Amino acid sequence: FSLHDALPILAIFKILDQADEFRIEIIGRFAGESVRDVREAWEVALCESSTRRLSVDISRLMGYDAAGRKLLSEIYRHGTDFAARTPASLVFLGEISLTVRAVAPAISAPLSKRPKEIERTPVRAIAVGQ
């Protein structure tokens with residue numbers, strides 16, 4: 001159980017569909033049907049044969065469920081730009097961009113001494129004024 005799961009407000013999202021940019025803004029708690037709807041919108045934008053910039057604005061995100069976090073992480077790993085203009089949204093961006101994976105241990109290393117490697121992908125965020 002986490003604080004993200006306790007937030008009752010479900011997300012709405014806005015789409016800005018312009019010639020040079022396709023932007024999804026997520027407002028509220030990203031869970032349930034809104035995750036499916038955002039996935040569909042993002043996949044449509046990816047399929048278009050265009051050189052438009054793709055971006056997701058999470059500045060007014062209030063939390064997410066497991067499916068919401070998974071989708072945002074997938075979108076981030078794809079290379080989509082993220083806007084995060086508040087302290088809370090910067091925390092969410094940190095969670096979304098964090099990938100933890102186990103490193104193969106040496107054969108002689110005891111189980112409790114196996115190292116973990118944390119890989120951080122550079123944070124891509126757009127400027128506040130945009």
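Is Glu21 buried or exposed? Keep that in mind as you open the model, which is a predicted one.

**Stop 1: the whole chain**

Show the protein chain as a cartoon and follow it from the N terminus. You will pass four helices and six strands, in the order α-β-β-α-β-α-β-α-β-β. Of the 130 residues in the chain, 36% count as buried. Now turn on a surface: the chain exposes about 7,900 Å², and carbon and sulfur atoms supply 59% of that area. Among contacts with a separation of 6 or more, 66% are between residues 24 or more positions apart.

**Stop 2: the sheet**

Next, colour the strands E1, E2, E3 and E4. These four form an open sheet in that order, E1-E2-E3-E4, with mixed pairing. Strand E1 (12-17) and strand E4 (81-83) are the edge strands, each pairing on one side only. Neighbouring strands in this sheet are turned by 20° against each other on average, direction ignored.

Add helix H2 to your selection. H2 packs on the sheet and touches E1, E2 and E3, and its direction makes about 170° with that of E2. Then add H4, which also packs on the sheet; H4 touches E3 and E4, with its direction at about 110° to that of E3.

**Stop 3: strand E2 and its partners**

Select residues 21-30, which make up strand E2. Why is E2 described as largely enclosed by the rest of the structure? Ten of its ten residues are buried, so the rest of the structure largely encloses this strand.

Here is a general point to help you read the pairings: strands of a sheet pair through backbone hydrogen bonds, either parallel or antiparallel. On one side, E1 and E2 run antiparallel and are joined by six bridges. A hairpin of three residues leads from E1 to E2. To find one of the bridges, select Leu16 and its partner in E2, Arg23. E2 also pairs with E3, this time in the parallel sense over nine bridges. Select Phe22 to see one of them: its bridge partner in E3 is Leu54.

**Stop 4: Glu21**

Now back to the opening question. Glu21 lies in strand E2 and has a relative accessible area of 9%, so it counts as buried. Show its side chain together with that of Arg53: a polar contact of 3.0 Å joins the two. Beyond residues up to four places away in sequence, Glu21 touches Leu16, Arg52, Arg53 and Ser55.

**Stop 5: Glu25**

Move along to Glu25, also placed in strand E2. What does its relative accessibility make it, buried or exposed? At 16%, Glu25 counts as buried, because the cut-off for that word is under 20%.

Show the side chain of Arg60 as well, and you can find a polar contact of 2.9 Å between it and the side chain of Glu25. Leaving aside neighbours within four places in sequence, the contacts of Glu25 are Ile12, Phe13, Lys14, Asp57 and Arg60. Try a distance label between the C-alpha atoms of Glu25 and Lys14: they are 5.1 Å apart in space, though eleven residues apart in sequence.

**Stop 6: the nonpolar core**

For the last stop, select Ile26, Phe30, Ile58, Leu61, Leu72, Phe82 and Ile96. Of the 24 residues in the largest nonpolar core, these touch the most other members. The elements giving two or more residues to this core are E2, helix H2 (33-47), strand E3 (53-64), helix H3 (66-78) and helix H4 (87-97).

Notes. Residues are numbered from 1 along each chain as its sequence is written. This is a predicted model: local features need pLDDT of at least 70, side-chain atom pairs count only at pLDDT 80 or more; totals for chains, interfaces and linings use all residues. Side-chain values use heavy atoms; hydrogens and water are left out. Buried means under 20% relative accessible area, exposed over 50%, partly exposed in between (1.4 Å probe, protein chains only). A polar contact is a pair of N or O atoms within 3.5 Å; within protein, one must be able to donate a hydrogen and the other to accept it, and residues adjacent in sequence count only if both atoms are side-chain atoms. Contact means heavy atoms within 4.5 Å. A nonpolar core is a set of buried Ala, Val, Leu, Ile, Met, Phe, Trp, Tyr and Cys residues joined through side-chain atoms within 4.5 Å. Accessible areas come from the Shrake-Rupley method with a 1.4 Å probe; for residues, only the protein chains shown count as cover. Two strands pair if DSSP finds at least two bridges between them. Axes are lines fitted to C-alpha atoms, for helices over the stretch in contact, and angles run from 0 to 180 degrees between N-to-C directions.
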